[in-house]
Every structure is written in structure tokens, then in C-alpha cells.
Amino acid sequence: MKKLLQITLLAVLPAFTITACKHQAKEEEISLQQNAPEVQDTDKITKDVYTDEFGDQLEVTLNETQNTITIRLNGKSYELKKKKKRRTS
């Protein structure tokens, strides 16, 4: 009886292991990523970081498409926007 149980376990255990390892979760994940549309960033952005002699950093980001400048200093963020010129006749 014990030998029959051991033989059954030895035959069934590898079968369960093989079938358990053949899931398709990774293939589904890859196929979802391939079908996702690509988002293209069309903004022209320039980023510069300036550091002074004390180690303080000033981060300046220039977005030429939206005509904005973002300045980050000491944990605070400031945004500057360029106004359009008015025509005077």
C-alpha cells in the first residue's frame, strides 16, 4: 500500500509541476504592451541644473513649445509664462 502511494505521488507530482509552470501570464502582459499606443512628447524641453559653492541646486526647465519656464529652488517651484505681444496700430 505504501509503495503504491509513493509511486502515485512520484508520477502525479511531476505532472502537476509541469502543468503549473505552463501559464501564459507573461505572454499576455507582453502582448498588451505591444498593442498600447505610443505617446510621443512633442514639446521641446531643455533642462539645466546649476549648483553654487554651498551645494544648493537651481533647476531650470525651459519648455519652448508652451513658452514656459519652471524654476525649482529650495523645494519650491516657480512657473513663468510668456505673454503674447499685443499689436498696436
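This is a short tour of the structure on your screen, one selection at a time.

**Stop 1: the whole chain**

Keep in mind that you are looking at a predicted model. Show the chain as a cartoon and follow it from the start: the pattern reads α-α-β-β-β-β, which adds up to two helices and four strands.

Now switch on the surface. The chain's accessible surface comes to about 9,200 Å², and carbon and sulfur atoms account for 56% of that. How much of the chain is buried? Buried residues make up 4% of the 89 residues.

One more thing to know before zooming in concerns contacts between residues at least 6 apart in sequence: 0% of them join residues at least 24 apart.

**Stop 2: Thr61**

Select residues 57–63, which form strand S2, and pick out Thr61 there. Is Thr61 buried or exposed? Its relative accessibility is 16%, so Thr61 counts as buried, the cut-off being under 20%.

Next, show what surrounds Thr61. Leaving out residues up to four places away in sequence, Thr61 touches Ile45, Thr46, Lys47, Thr68, Ile69, Thr70 and Arg72. Keep Lys47 and Arg72 in mind, because they come back at Stop 4 with Glu59, linked in a network of salt bridges.

**Stop 3: Glu64 and Lys44**

How many salt bridges does a search of the whole structure find? There are three. Start by selecting Glu64 and Lys44 and showing their side chains: they meet in a salt bridge, at 3.8 Å from N to O. Glu64 sits in the loop between S2 and strand S3 (68–73), while Lys44 sits in the loop between helix H2 (25–35) and strand S1 (45–51), so this pair ties together parts that are 20 residues apart in sequence.

Turn the surface back on for these two. Glu64 has 40% relative accessibility and counts as partly exposed. Lys44, with a relative accessible area of 51%, is exposed.

**Stop 4: Glu59 and its two partners**

Select Glu59 together with Lys47. They form a salt bridge, and their closest N and O atoms are 3.6 Å apart. Glu59 lies in strand S2 and Lys47 in strand S1, so the pair ties together parts 12 residues apart in sequence.

Now add Arg72 to your selection. Glu59 forms a salt bridge with Arg72 too, with the closest N and O atoms 2.9 Å apart. Here the link runs from Glu59 in strand S2 to Arg72 in strand S3, distant parts of the chain that are 13 residues apart.

With Lys47, Glu59 and Arg72 on screen together, you have a network of salt bridges. How open are the two partners of Glu59? Lys47 counts as exposed, at 52% relative accessibility, whereas Arg72 is partly exposed, with a relative accessible area of 39%.

**Stop 5: Asp48**

For the last stop, select Asp48, which is found in strand S1. Its relative accessibility is 35%, so Asp48 counts as partly exposed, between the cut-offs of 20% and 50%.

Which residues is Asp48 in contact with, leaving aside its neighbours within four places in sequence? They are Leu58, Glu59 and Val60. To finish, try your viewer's distance tool on the C-alpha atoms of Asp48 and Glu59: these residues are 11 apart along the chain, and the two atoms are separated by 5.9 Å.

Definitions and conventions: Residues numbered from 1 in each chain as written. Predicted model: local features only at pLDDT ≥ 70, side-chain atom pairs only at ≥ 80, totals over all residues. Heavy atoms only, no water. Buried < 20%, exposed > 50% of the residue type's maximum accessible area, 1.4 Å probe, protein only. Contact = heavy atoms within 4.5 Å. Areas by Shrake-Rupley, 256 points an atom, 1.4 Å probe, with all protein chains shown as cover. Salt bridge = Lys/Arg side-chain N within 4 Å of Asp/Glu carboxyl O.
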